[in-house]
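This report walks through some local features of a protein model, from paired strands to enclosed spaces. Please keep the sequence and the 3D view open while reading.

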Amino acid sequence: MVLADYGADVVKIEAPGGDRFRSLAGSPLWLRGKRSVVADLTTDAGLADLHRLVSTADVLAVSGPPSRARRWGIDADAAIALRPDLVHCSITGWGPTGPLAEVPGYEAAVTARSGRMLAFERQLRRGGPVFTAVPVAGHVAAFGAVQGIVAGLLARARGGGAQRVETSLLQGVLPFDLVELLLVEMAERSGVEAPNILAAGGDMPTLNYHPVRTKDGRWIQCGNLLEHLMMAFLDATDLLGELLVDERFTEPMGTWDEATVDEARNRILVRMQERTADEWMEVFRSNGNVAAEVFVTTTQGLDHPDVVGNGDIVTIDDPVHGPVRTVGPIAELTATPAVVGPGAPALGAHTAEVLGEQRDNPVVPTRSGAPTAGRPLEGITVVEFATIIAAPLATSMLADLGARVIKVEPIDGDPYRHLIAGGTPVAKTTAGKSSICIDLKTAAGRQIARDLARRADVVVHNARPGVPERLGLGEEELRADNPGLIWVSLTGYGRRSPGAKRPATHPCAGAATGGAGYQSGAAVTAPCETLDDVREMSRQLVRANESNPDPNTAVVLAAAVVLALLGRERFGVGQAVYANMLTANLYANADDALQYAGKPDRPTCDDELLGPSAGYRLYRTADGWLLLAVTTDDEWRRCWTAIDRADLADDERFATPPARAAADDALAEALGEVFAKRPASEWEERFVAAGLAGVRADAATPGLFFAHDAQSLANDFAPECTHTRFGRHRRWGSVVRVNGIGGGSAPGALAGEHTDVILAELGRDADEIARLRAAVVVASEPVGWT
């Protein structure tokens, strides 16, 4: 769909009965802009039609287990034999090899087995994994595919020939572990027990990121990470003066003891119940310096004033559902903009048209000087003026694709470096980069920044509108010196929205686009009779509203940048790229980011957050937890055999999809009784042997999974690197690989680790570098840490 939005002719090949996922409520979104061709791939004639289409295509994208593409004769080797310059993209559940490669790649199975569900354990107090409701693994895999495909087209245009692109839902989980993998590696190298991330962060929310209940029973998520934002929040709520006259609160917030923090928390929670959510949001918007958003559903998020005001909503005509209001293009590319095509095609609507076309598509020749295999962005230089997670993680993804990324940091480094001792989280967001620390408040520092931008292909920032211009780093200033520059702006809210200059952090985006409320289950609407009730629900909400909006945004931003680079390659134009967190996170919730007549409600989980249905949920076993994902009649038949319950196969209550839906509680009860009799690992062995998605859900948290699990190791999803401070360790691999190679071998960088090297490249000699350091125009952090 993304490729179609930006001009590709996307032909969807469907079986005679159609893609079974057309039945999902979100299908009008991802079917838009395509043509539909029916081909029966169980017949020689259908395969011949498919192979003929591949022989003239630029890109082939195929999903499912590796054996499926081989069975159809469209695995990478076979397809490239049909089309020598093809960009072949494979999207699997678990990666191309390993013991789970052929297990059905359902989102829930992948997130359960990789430890993501276990990482949510503290959302509830029942113990055990919690069903992850937002389909973030699929979101990352989709945009990883876009990154790889478009980068592959760019490499092909530069003489690189055919490109093999691989991503998976399991790689889609990688961005959401921000630090555990590194902590596991450091602990095990030191011979100590790996840290328990389930015990990290305390029981209650921090004051900065606290959900608060309002007078009308709705919830607002605060996101005031930095001190000046927190002070603005206290000022807007008339609490600042009240706290300052109490000697307990006169010291900096970071020094408050637990009792003082808890007293401040209670005062905030009580104060926020004095007005409605709308009244408080009017106060916060008027203040302009408070990061806060109301918890809504994703469908409601389409009406957010900043989403609407920025023009991020489109209406398309669907042949089945009529007018469909949904999220528009992923980003604004000013010179090569997206044009959203027609609504979803009717099944097979274009079969005769497409099969009757005589397409002349000459093969793009290979030539010397092409990018190195596996590094399609080789030769591209990205200069990053960004902090914290979303934009820095996006540029690390570009580094994984071969770009050189130079991170420009403040004199004391990216603020993210100071959130945890030693700066361990930044090993992820600086992976593959060079770093220089510059004081942009000085004329000499701004000149260095301008010199870097003059030599760059891409400049990325995440400052609020107007800040780059005040520093002389705006689009007009930089492109005057470098017309081919791709100038990229990531903000919380779109540049044309009424809140364009408001601050935004990841929990605000999570609340405003529906993901956080969806993950919270009943908590967001639960009655609260006492302050203790409010405290407990706020605890559950903040656990539900974890950091996923930042990685969700990062993969979208990286895809938008690569689209702009391909636009420059094809049309010779530099341009600006504008992306925002709200649009990106609507895409992460694309299954519900639509409004149309008769749209089904988003499936909801039970009160224990085990899952939305008997066939797609968590179950307790004799020793732990199992995630079951069976959705078709054939899978159910094999399920009855795998669990030795042929009698259930003959039960009319469970014989058909409507019958199972009507008897869902009874089916869950029957399965629960069965699963409780054997260990989780034994059930997993049975299901995997049967080709079904039944997997252990509590074997490991994500960091431990990627460090040690056989599936991760078989695909090298956590390759080793050597960090200047942390030494040899496994790091998070790339979300997409090209030609079998990922960029995951490059380590993170210390703040200013490459300052002198970069300055020398810009023509500064040793004496001038020494003067710049003495004047604290540039700097580097020490290798050691305390």
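## Paired strands

In strand β10, Pro-323 is the bridge partner of Asp-317. The model examined here is a predicted one, and this pair of residues is a convenient place to begin looking at how its strands are arranged. Strands β9 and β10, the latter made of residues 322-327, pair in the antiparallel sense over six bridges. They belong to an open sheet of three strands, which has the order β9-β10-β18 and antiparallel pairing. The edge strands of this sheet are β9 (313-318) and β18 (594-595), each of which pairs on one side only. As general background, strands of a sheet pair through backbone hydrogen bonds, and they can do so in either a parallel or an antiparallel way.

Another strand, β14, shows both kinds of pairing. With strand β13 (residues 404-409), β14 pairs in the parallel sense over five bridges, and with strand β25 (residues 778-779), β14 pairs in the antiparallel sense over two bridges. Cys-437 of β14 takes part on each side, as this residue stands opposite Glu-409 and also opposite Ala-779 in β25.

How many of the six residues of strand β14 are buried? Six of the six residues in β14 (residues 433-438) are buried, so the strand is largely enclosed by the rest of the structure. The cover extends to both faces of β14, with Lys-433, Ser-435 and Cys-437 buried on one side, and Ser-434, Ile-436 and Ile-438 buried on the other.

## A mostly covered helix

Helix α9 (residues 180-189) is mostly covered, with seven of its ten residues buried. The buried residues of α9 are Glu-180, Leu-181, Leu-182, Val-184, Glu-185, Met-186 and Ala-187. What covers them includes α18 (426-429), α32 (702-708) and the strand β23 (727-730). After α9 comes Gly-191, a residue whose phi is positive, near 75°.

## Arg-271 and its surroundings

Arg-271 lies in helix α12, which spans residues 258-272. Is Arg-271 buried or exposed? Arg-271 counts as buried because its relative accessibility is 16%, which is under the 20% cut-off for that word. The side chain of Arg-271 reaches the backbone oxygen of Thr-237 at 2.8 Å, and a polar contact of 2.8 Å joins the side chain of Arg-271 to that of Glu-242. If residues up to four places away in sequence are not counted, Arg-271 touches Thr-237, Asp-238, Leu-239, Glu-242 and Trp-280.

One of the residues touched by Arg-271 is Asp-238, and its backbone deserves a look of its own. Asp-238 has a positive phi of about 60°, although it is not a glycine. Asp-238 sits in the loop between α10 (227-236) and α11 (240-244), and it counts as exposed because its relative accessibility is 52%.

A positive phi in a residue other than glycine also appears at Asp-716, where the value is near 55°. Asp-716 is placed in the loop between α33 (710-715) and β22 (720-723), and with a relative accessible area of 38% it is partly exposed.

## Enclosed spaces

Rolling a probe the size of a water molecule over the atoms shows where empty space is left. A search of the whole structure finds four cavities of 30 Å³ or more, and the table below describes two of them.

| Cavity | Volume | Nonpolar lining residues | Polar lining residues | Charged lining residues |
|---|---|---|---|---|
| Largest | about 120 Å³ | seven | three | three |
| Second largest | about 50 Å³ | four | eight | none |

The largest cavity is lined by 13 residues, of which Leu-393, Asp-400, Arg-731, Trp-732 and Gly-733 lie nearest its centre. Helix α17 (residues 390-400) gives four residues to this lining, which is the largest share.

Which helices each supply at least two residues of the lining of the second largest cavity? They are α22 (506-512), α23 (515-520) and α25 (549-571). The residues that line the second largest cavity include Ala-509, Gly-510, Thr-513, Gly-515 and Ala-516, and among the others are Asn-545, Asn-548, Pro-549 and Asn-552.

Notes:
Residues numbered from 1 in each chain as written. Predicted model: local features only at pLDDT ≥ 70, side-chain atom pairs only at ≥ 80, totals over all residues. Heavy atoms only, no water. 1 Å grid on protein atoms, 1.4 Å probe; cavity = no way out; pocket = protein on both sides within 12 Å on 5 of 7 lines; lining within 4 Å. Points joined across faces, edges and corners; volume = space filled by probe spheres on them. Nonpolar A, V, L, I, M, F, W, Y, C, P; charged D, E, K, R; others polar. Buried < 20%, exposed > 50% of the residue type's maximum accessible area, 1.4 Å probe, protein only. Polar contact = N/O pair within 3.5 Å; in protein donor to acceptor, adjacent residues only side chain to side chain. Contact = heavy atoms within 4.5 Å. Pairing = 2+ DSSP bridges.
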